[in-house]
Amino acid sequence: VINSILAGPGSLLDLPGGQNHLLDQILSKVSEKHRPLASEIATALIAAEGLNKSIIFANILSQQTREGETLTEALVLKSLLDAYGAPGIKLAQYLAFTHEFAEFQNVLEVYQDSAMPISYFEAVRLITQRLGSSWDPLKYRVKSIIGSGSVNIAIELVEIATGESLVVTVLRDNIEVKTKEDFRRFELLISSLIRNPTNSLSLDGSHDSVRDRSNKKRFEFVTGLMGIIKKSVELEFDKKNAFEIQRQATKLYHRNIGGWQVQTVEARGLTKGGLFMEKAPGEVARKVLHSQPEVYNSAMAALVEVEFGILRGVSDSGNFIPLPLIANPDLHDGQVLLDVSNRIVTILDFGQALGISNLERDFAIDLLRIVVGGEAPKRAKELLEKWSVEFKSKQVFSELQIKEILAHGERMDIFVHLISMMETQGMSLPLSSIHWILAANRLMIL
């Protein structure tokens, strides 16, 4: 509705000064400290979207606020990222670590993959469409929608004959086409942010080469993340990998630690259109944190012990020699359910998890040593070039550039810029190694 008002001949955006007026109104919700950066991003969005720019404004203005509240800075930023679907969400999670976006860290660091929920009737239609002939409406009843990601929807079903609940995850409607288009638009946005100064225009139509040099320095590292983000988003579509990882995790996580039964859900089946799993008991861990913090701490300590072992390659057998296991970067207390009365901890959602070889883990460990400041720039250069040969890319890295990155100080800020540098120079990094470090960082936070 809002877009129909903003678009077309005679609309506000079509009037002289209308675009600037609307942009000023939106940016007035952003603090003075953050307004220059917000203005840079908004200008690039308008340039990248071209004739579709009204959609960006409409998306911002349509954000829901609590009764009596106005549009907030956090909602403005979130709406800009949401406009690019899965790529925007993945980028937000990396930007949260960087000094370039330190001003927005409070918004970015809690950014999770969530999207507009669907209705009950949309869920029924989606299941029928995605599962096709494998869907039997006489066997199952759709109970509720329990998760709405940017790519996948999790739906609770009830088996009519037994009353047993289970969960099926299916892709959103037309998400394959939408994600491809999101990436195309996303790449246009990044190009606009780091465009050549001689071709740039500010909102009033004048050249602004100083701002463009600042943009290029602030945003050019994002180009090195594009390949990684693409591979990460592709995982969301890989039901076979999710099914295999879930089955492996069922055995790996079956432990009794400190009086808690640590587990994950069993993968029940895989069809062309969906992944079926048992339903986990309990409630989301972060809710327990507020009501019973001591119970929460005890349960999460048990889970962290299991996760730390898996990161080191230690399975449920307690092996001394590391084994190829899995790397799950998406561990947080919103993905954990606690059944307090039965002392059960259940970890959910392995959609971003990957199998990791011992070689890929060794690379991740060397990378971690560098980002935590355990290696001097010269030694870091030697290590990275050794791994470049190992992964068949044979790149030569600049010791000065590595030194500049290490000077950032914060380990995850260093990590993001380091992997961006390596990818930009042609080294294709194993996504499993990147996810291993993200998983290790999650454990440090927990």
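Begin by selecting helix α6, residues 85-95, where ten of the eleven residues are buried, so that this helix is largely enclosed by the rest of the structure. If you colour the buried residues of α6, you will be marking G85, A86, P87, G88, I89, K90, L91, A92, Y94 and L95. Keep in mind throughout the tour that you are looking at a predicted model.

Now show the whole chain as a cartoon, in which you can look for 19 helices and twelve strands. Of the 446 residues of the chain, 51% count as buried, and the accessible surface comes to about 21300 Å², with 55% of that belonging to carbon and sulfur atoms. Among the contacts in the chain with a separation of 6 or more, 67% are accounted for by residues that stand 24 or more positions apart.

**The nonpolar cores**

Next, select Y253, F415, I419 and M422, which touch the most other members of the largest nonpolar core, a set of 116 residues. Add helix α14, residues 293-311, to the selection, since the largest share of this core, nine residues, comes from that helix. Then zoom in on F415 and ask which residues it is in contact with, leaving aside its neighbours within four places in sequence. They are L367, V371, I434, I437 and L438. Apart from the largest core lies another one, of 15 residues, and you can find it by selecting some of its members, including Y140, L157, L166 and V168.

**Two pairs of helices**

Select helix α15, residues 358-371, together with helix α16, residues 377-390, and turn the view until you can follow both axes, which are 10 Å apart and make an angle of about 160 degrees. An angle over 145 degrees counts as roughly antiparallel, and α15 and α16 are therefore roughly antiparallel to each other. The crossing in which α15 passes α16 is left-handed. To see where the two helices meet, show the side chains of L359, D362, F363, D366, L367, R369 and I370 on α15, and those of A380, L383, L384, K386, W387 and E390 on α16, since these residues make the contact.

For the second pair, select helix α11, residues 226-237, and helix α19, residues 431-445, whose axes come within 11 Å and cross at roughly 85 degrees. That makes α11 roughly perpendicular to α19. On the α11 side you should pick out I228, K231, S232 and L235, which meet L431, I434 and H435 in α19.

**From W260 to V340**

Move now to W260, which lies in strand β5, residues 260-264. Is W260 buried or exposed? W260 is buried, with a relative accessible area of 0%. Leaving aside neighbours within four places in sequence, W260 is in contact with R255, V295, S298, A299, A302, D339, V340, R343, I344 and V345. Draw a distance between the C-alpha atoms of W260 and S298, and you will find 8.5 Å between two residues that are 38 residues apart in sequence.

Finish at V340, whose place is in the loop between β10 (336-339) and β11 (344-347). V340 is partly exposed, with a relative accessible area of 24%. Beyond its neighbours within four places in sequence, V340 is in contact with W260, V288, Q292 and V295. As a last step, select P281 as well, which is 59 residues from V340 along the chain, while the C-alpha atoms of the two are separated by 9.6 Å.

Definitions and conventions:
Residues numbered from 1 in each chain as written. Predicted model: local features only at pLDDT ≥ 70, side-chain atom pairs only at ≥ 80, totals over all residues. Heavy atoms only, no water. Core = buried A, V, L, I, M, F, W, Y, C linked by side-chain atoms within 4.5 Å. Buried < 20%, exposed > 50% of the residue type's maximum accessible area, 1.4 Å probe, protein only. Helix = DSSP H or I, 4+ residues; strand = E, 2+ residues; numbered from the N terminus. Contact = heavy atoms within 4.5 Å. Areas by Shrake-Rupley, 256 points an atom, 1.4 Å probe, with all protein chains shown as cover. Axes fitted to C-alpha atoms, helices over the stretch in contact; angles between N-to-C directions. Parallel < 35°, antiparallel > 145°, perpendicular 65-115°, else oblique. Left-handed = near helix turned anticlockwise from the far one by under 90°.
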